[in-house]
Amino acid sequence: MEHTDRTPAEVHPAHDPERRPDPAPGRGGTDPAVGIALLDSLFEQTPVALYLLDEDLRVVRHNAAARADQSRVGRELDGNPCDFAPGFDDAELRALARQALDDGDWIRGHLVRGRTTTEPCRDLTGAVSFFRIVTDDGRHHLVAAVEDVTEQQAALDRVDILHTAHRQIGASLDAVGSAQELADVAVPRLADIATVDLLDEPLRGLPPRPAPVDPAAPLRRFAYRAARGHGRPAADRGPIPYGELSTYPVPTPYSQVLDDARARLVSRLGRDTDWLTADPDRARRLAELGVHSMIVAPLVVHDAVLGLLALYRSQRPEPFEEADLQLAVELAERGALSIDKARSYARERSIATTLQRQLLPREPSELSALESAQVYLPGAVGPGGDWYDIVPLSAARVGLAIGSVTGNGIEAAALMGQLRTALRTLAVQDLPPDELLVRLDDAARVLTDEQRGSLPPGADGLPDGLASCLYLVYDPISRTCTAASAGHHGPVLVGPDGMPTPFPVEPALPLGCGDSCYETATVELEPGSVLALYTEGLMSGRARRKDDRQAQADSPAEQRGVLERSLARAGEEHLRDLCDRVVYALLPERQREDAVLLLARTRALPDEQVAVWTLPDDPAVVRTARRLSEHQLAAWGLTELEFATDLIVSELVTNAIRYGKPPIRLRLIRDQGLICEVSDSSDSTPHLRRAKSTDEGGRGLFIIGQLAQRWGTRFARHGKTIWAQQDLPSTDAPPTGLPGGETGGELTP
């Protein structure tokens, strides 16, 4: 039932049995004859069709407008109840009339829809009003007013359809979803069937084509909607399967629209329509559906054609008109904007995701310190700035990093790449975690200042902190892990037996805040322990319960508990399988934000692969140090590296004795390369320089740089270590170790 205005009836004084008109003229009264004449004139001359109904709802009188409008809203009255508006719902009108007659309520502008017998193929909308009157003898009568508002209501309906289109189309930022929303808006209010076919190339990232478009270009069916009543269910995907490619023969309305990007109206579609012979398959399908009128409108954005919107009428008998064509064009324009916006968003998201993946580290090489596996899941709203890194360090150690940049999109990915590069540059300098974060915070503040200078107009500032970061260093020789955090939650640690182990890491302020105060935490790990580093996106879903029911979002502590339980079999499964297990448990649905999970299973470097000697502060010990290294290389089967190692040991030990402070320690590590380290208690920093031909010294580090593939300096709380690493020969023998405890000890002159 349409909207109806109801107000209490006001009885005209001439018809109120309790009030009699004053028969004396000239004293404010009215001659009854004049009043009756006036009422008769108003009744007959009003342009609205009026009917007078008795208590049985039979028409006893009607005016000239009703007689003139019988072809539209009335016919010859035969005295039947409520027979003044044929083609409409008699039961609805009778109920309204009876309510107005019994209760005395005015019913104003109640909209009724139907078709008259004279124009069965045309929708008709009437505004019906009822109000009660009381005659002098106390009987109740009902006045019914019927006004043809078909054109006005059709215009309002078109405006409402456009309003619905603006409200509903494009809300999903998905091209396929926008196409289906366009079809849903058009059916059933404008058409009985709607289809949306899109060119395949723009949806695959290629630029859209300007008109004319070759009709041979394939279009993919992305939306189909049909109203009930023509033999197919409303959810049917239509004659052309969803997602299937098709082309349009020439000449047809479809090919003509692709050629000039102008909409086409086919008011009457029959078997004798000329263009149907060019496309017999589509002609057969249209005939099966009972289509008798159609509109084909282009989906155009900035003179580029994205596809076609086709509207068909098969159930309602009236054909499309020019007003419907204009409405279809406006709907197509709105749909094209939404589809193009979704297409552009998908393209930008694809570019950002590609950039994000390119800036993340490649699959790391095999490391002696640990085994790792990771998973990166871009968010539904677009890739953000989540990242991780695995950095090989000196002395067989390894650095693990994970973090998240504020924001998402290409900008966040670019900032993430800069921060990751800065972290990796600092990490290879063998900085401890807290000192590394201090320097990384300085770099983040520089990036923050640069970004603040490029903010768009109206932006007030940046959120607190540019990024969060957690950095850990694991030493497989001492089997310790040291961590520091800048606004990032600590790792989850599970022992070899699957039991969770505390690893308290106190997070400081995020990077870019200028905190410059980071606390470190150190734990000793058993071989086979698993470290789980993750970003907030991994905890943004709704964890799945043990009974396979999806729960509401849990607290961070509960989510970490789910993560710990998922890693309970860490000692039995491959890390890649564990990554999948965690994702299945924590993210049963696609998450909005980026999610990164980095798993690392620790290993211990065997004692027989490390040799350590403490040397006295005496230049004569250099020869002894060479002899010890030669014996160790022979035990490891690395005699091919003896000459270069002798030179490296001689230079490092000599420099430590000459410029350093005792105690002096020599350590050889056989890992994926041969590492030679000399430590002392001095904080002086060696520098590589090119000595002149007249200089007597200054060539030691230059020689080391030529003999070793990598070298560097590592500072500790007390003292420093200079190290040099050589590649192992390709045919090296397995290590055998030194007999009789010669792998270490205190050496005396």
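**Exercise 1.** Which residues does Leu531 touch, not counting residues up to four places away in sequence?

*Solution.* The model is predicted, so that local features need pLDDT of at least 70 and side-chain atom pairs count only at pLDDT 80 or more, while totals for chains, interfaces and linings use all residues. Residues are numbered from 1 along each chain as its sequence is written, and side-chain values use heavy atoms, with hydrogens and water left out. Taking contact as heavy atoms within 4.5 Å, one finds Leu400, Leu472, Cys481, Pro491, Val492, Leu493, Phe503, Leu525, Leu598, Leu599 and Ala600 around Leu531.

**Exercise 2.** Place Leu531 within the largest nonpolar core.

*Solution.* A nonpolar core is a set of buried Ala, Val, Leu, Ile, Met, Phe, Trp, Tyr and Cys residues joined through side-chain atoms within 4.5 Å, where buried means under 20% relative accessible area with a 1.4 Å probe, protein chains only. Among the 53 residues of this core, Leu531 is one of four, with Leu400, Leu472 and Phe503, that touch the most other members. Strand β17 (residues 467-475) gives the largest share, 7 residues; strands are DSSP runs of E, at least two residues, and helices runs of H or I, at least four, numbered from the N terminus. Another core, of 35 residues including Ala179 and Leu327, lies apart from it.

**Exercise 3.** Describe the setting of Thr535.

*Solution.* Thr535 lies in the loop between β23 and α13 and counts as buried because its relative accessibility is 0%. Its side chain is joined to that of Asp386 by a polar contact of 2.9 Å (a pair of N or O atoms within 3.5 Å; within protein, one must be able to donate a hydrogen and the other to accept it, and residues adjacent in sequence count only if both atoms are side-chain atoms).

Technical notes. Buried means under 20% relative accessible area, exposed over 50%, partly exposed in between (1.4 Å probe, protein chains only).
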